[in-house]
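Student: I should like to study the structure shown below with some guidance. May we proceed by questions and answers?

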Amino acid sequence: MPSFDVVCEADMVEVKNAVEQSNKEITTRFDFKGSSAKVEQKENELTAYADADFQLSQVRDVLTNKLAKRKVDVRFLDEGKIEKIGGDKVKQVIKIKNGIETEDAKKIVRVIKDSKMKVQASIQGESVRVTGAKRDDLQAAMAMLRKDVADLPLEFNNFRD
């Protein structure tokens, strides 16, 4: 029976490249001369450092631009609150979403069931498996999910015929 998986995973290689490019641009820009502005990556977490709130917003702008150029959807980023770390320096932790949370998975299943299409959806850990009798039904389900669930950066993989 044909099926595919709906997942929400960022390409971590591209994220790493974007972080390195951001740091390179930050070190060469005139408005960051002599500052401690930088972006660090640990697993699924980015930390942006700067000397002031305004500089931190500039660092985030540079990072999001580099991510967009590398075709990483910025909806993967979950920005935390800005923290002071001694003196005027500030930092912000930005989490990278990986996997579909339970509430979002239930929403995807509900959207598929409400559409009255001839496909079934089931939650499988951090992904949603969609099965159907025909390949055309699955492709229609993909198009519908792209349109109806716009708040999540969904990807479709593991397509089986």
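The questions below deal with the sheets, the helices and a few chosen contacts.

Tutor: This is a predicted model, in which local features need pLDDT of at least 70, side-chain atom pairs count only at pLDDT 80 or more, and totals for chains, interfaces and linings use all residues. Residues are numbered from 1 along each chain as its sequence is written, and side-chain values use heavy atoms, with hydrogens and water left out.

Student: In what order do the strands of the open sheet that contains strand 2 stand?

Tutor: Helices (H or I, at least four residues) and strands (E, at least two) are DSSP runs, numbered from the N terminus. Two strands pair if DSSP finds at least two bridges between them. Four strands form this open sheet with antiparallel pairing, and their order is 2-3-5-4.

Student: Why is one side of strand 2 and of strand 4 left without a neighbour in that sheet?

Tutor: Strand 2 (38-42) and strand 4 (77-84) each have a single partner strand, so one side of each lacks a neighbour in the sheet. The reason is therefore their position, which is at the edges.

Student: Which residue of strand 3 stands opposite Gln 41?

Tutor: Strand 2 pairs with strand 3 (residues 45-50) in the antiparallel sense, over five bridges. Opposite Gln 41 in strand 3 stands Leu 46.

Student: At about what angle does helix 2 run to strand 3?

Tutor: Axes are lines fitted to C-alpha atoms, for helices over the stretch in contact, and angles run from 0 to 180 degrees between N-to-C directions. Helix 1 (residues 12-28) lies across strand 2, strand 3 and strand 5 (90-96), at about 160 degrees to strand 2. Helix 2 (residues 53-69) lies across strand 2, strand 3, strand 4 and strand 5, and its angle to strand 3 is about 140 degrees.

Student: How are helix 1 and helix 2 oriented to each other?

Tutor: Their axes are 9 Å apart and make an angle of about 135 degrees. Angles under 35 degrees count as roughly parallel, over 145 as roughly antiparallel, 65 to 115 as roughly perpendicular and the rest as oblique. Helix 1 and helix 2 are therefore oblique.

Student: How many nonpolar residues does the contact of helix 1 with helix 2 have?

Tutor: Contact means heavy atoms within 4.5 Å, and the residues that make this one include Val 15 and Ala 18 of helix 1 and Val 59 and Val 62 of helix 2. Ala, Val, Leu, Ile, Met, Phe, Trp, Tyr, Cys and Pro count as nonpolar, Asp, Glu, Lys and Arg as charged, and the others, Gly among them, as polar. By class, the contact has two polar and two charged residues, while the number of nonpolar residues is eight.

Student: Which strands are the edge strands of the sheet that contains strand 1?

Tutor: This open sheet has four strands in the order 6-7-1-8, with antiparallel pairing. The edge strands pair on one side only, and they are strand 6 and strand 8.

Student: Which residue of strand 7 is the bridge partner of Asp 5?

Tutor: Strand 1 and strand 7 are joined in the antiparallel sense by four bridges. The partner of Asp 5 in strand 7 is Arg 129.

Student: Which residue takes a positive phi in the hairpin of strand 6 and strand 7?

Tutor: Strand 6 (residues 119-124) and strand 7 (residues 127-132) run antiparallel and are joined by six bridges. One bridge pair is Gln 124 with Ser 127. The hairpin has two residues between the strands, and the positive phi, near 70 degrees, belongs to Gly 125.

Student: How far apart are the axes of helix 3 and helix 4?

Tutor: Helix 3 (residues 102-114) packs against helix 4 (residues 135-148) at an angle of about 125 degrees. In the contact, Ile 108, Val 111 and Ile 112 of helix 3 meet Met 144, Leu 145 and Asp 148 of helix 4. The distance between the axes is 11 Å.

Student: What is the distance in space between Asp 137 and Met 117?

Tutor: Asp 137 lies in helix 4. Leaving aside neighbours within four places in sequence, Asp 137 is in contact with Met 117, Lys 118 and Val 119. Asp 137 and Met 117 are 20 residues apart in sequence, and their C-alpha to C-alpha distance is 7.2 Å.
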